[in-house]
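Here are my notes for you to read with the model open. Take them one point at a time, and find each piece on screen before moving on.

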Amino acid sequence: MRIGYARVSTFDQNPDLQSEKLREAGCEKVIVERMSSGRDRPELTRLLRDILREGDTLVIWKLDRLARSLKQLIETADDLKARGIGLVSLTDAIDTSSPGGMLVFHMLGAIAEFERALIRERTVAGLAEARRKGKKGGRPRSLTQKDAAAAAALLAAGSMTSKEVAARFGVSKATLYRHISTTA
């Protein structure tokens, strides 16, 4: 049985293209993972543990849909091979049921890992350069130090509740307390 696995990183991304191509490739069943972070992929875990059986083939749209790192990719492929399950990547033209397919799989996985490392390195260098030029990244603070001090004074006076003070400054109570604790 050919079983497809499609993954998108966020809820607002659309897995339809992946699902369509997996069905066109003969997948009788397609499992879709709509959100993932790191190794936490409940649909993939269920697929690997409960659905795939010896003689089945796991079909994916692209290698990076299956794993986030070369190590994870190779571990998954080795586990599938040990259980007699094939792995096919449509866009990478890989079929691990042959020695040549395994070689290409390992080479493309290594290249993908190298590419991610280069992107990470450029990102770190860019952030360091921005800091060197005095630019600050991240989200602007919800309350200025002056507003946080005023909010703390209102709370200390006892004439308003924390909910009322937070509403006056247009922030949540949690944000109010977080900013007040950093000014104290």
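1. A quick definition before we start: two strands count as paired if DSSP finds at least two bridges between them. With that in hand, look at the sheet: it is open, has 5 strands, and runs in the order S2-S1-S3-S4-S5 with mixed pairing. Strand S2 (29-33) and strand S5 (94-95) are the edge strands, each pairing on one side only.

2. Keep in mind that this is a predicted model. The mean pLDDT of the protein chain is 86, with 94% of its residues at 70 or more. Where is confidence lowest, and where is it highest? Helix H7 (residues 173-183) has the lowest, with a mean of 82, while S3 has the highest, at 95.

3. Now zoom in on S3 and S4. Strand S3 (residues 57-60) pairs with strand S4 (residues 86-89) in the parallel sense, over 4 bridges. One pair to find is Thr-57, whose bridge partner in S4 is Gly-86. Another is Val-59, which stands opposite Val-88 in S4. Which S4 residues point which way? Gly-86 and Val-88 go one way from the strand and Leu-87 and Ser-89 go the other, and all are buried.

4. Stay at that end of the sheet and find Ala-93, in the loop between S4 and S5. Ala-93 has a positive phi of about 50 degrees, although it is not a glycine. For background, most residues other than glycine have a negative phi. Is Ala-93 buried or exposed? Its relative accessible area is 68%, and the cut-off for exposed is over 50%, so Ala-93 counts as exposed.

5. On to helix H2 (residues 42-51). Its buried residues are Leu-44, Leu-47, Leu-48 and Ile-51. If you look down the axis of H2, these buried residues fall within an arc of 125 degrees, so they line one face of the helix. That spacing fits a general rule: an α-helix has 3.6 residues a turn, so residues three or four places apart point the same way. What do the buried residues of H2 pack against? Their partners are S1, S2, S3 and helix H3 (70-82).

6. Helix H5 (residues 145-157) makes a nice bit of arithmetic. At 1.5 Å a residue, its 13 residues should span 18 Å, and the end C-alpha atoms are indeed 18 Å apart, so the two agree. Ala-148, Ala-151 and Leu-154 are buried in H5. Down the axis of H5, the buried residues fall within an arc of 120 degrees, so they line one face of the helix. On the other side of H5 you'll find Gln-145, Lys-146, Ala-156 and Ala-157, which are exposed. Right after H5 comes Gly-158, with a positive phi near 80 degrees.

7. Last stop: Gly-109, which lies in helix H4 (residues 99-132). How does Gly-109 come to count as buried? Buried means under 20% relative accessible area, and Gly-109 has 1%, so it is buried. Leaving out residues up to four places away in sequence, Gly-109 touches Leu-63, Leu-70 and Leu-73. Check Lys-71 too: Gly-109 and Lys-71 are 38 residues apart in sequence, and their C-alpha atoms are 9.0 Å apart in space.

Key:
Residues numbered from 1 in each chain as written. Predicted model: local features only at pLDDT ≥ 70, side-chain atom pairs only at ≥ 80, totals over all residues. Heavy atoms only, no water. Helix = DSSP H or I, 4+ residues; strand = E, 2+ residues; numbered from the N terminus. Buried < 20%, exposed > 50% of the residue type's maximum accessible area, 1.4 Å probe, protein only. Arc of directions from axis to C-beta. Contact = heavy atoms within 4.5 Å. Expected span 1.5 Å × (residues − 1). pLDDT = per-residue confidence, 0-100.
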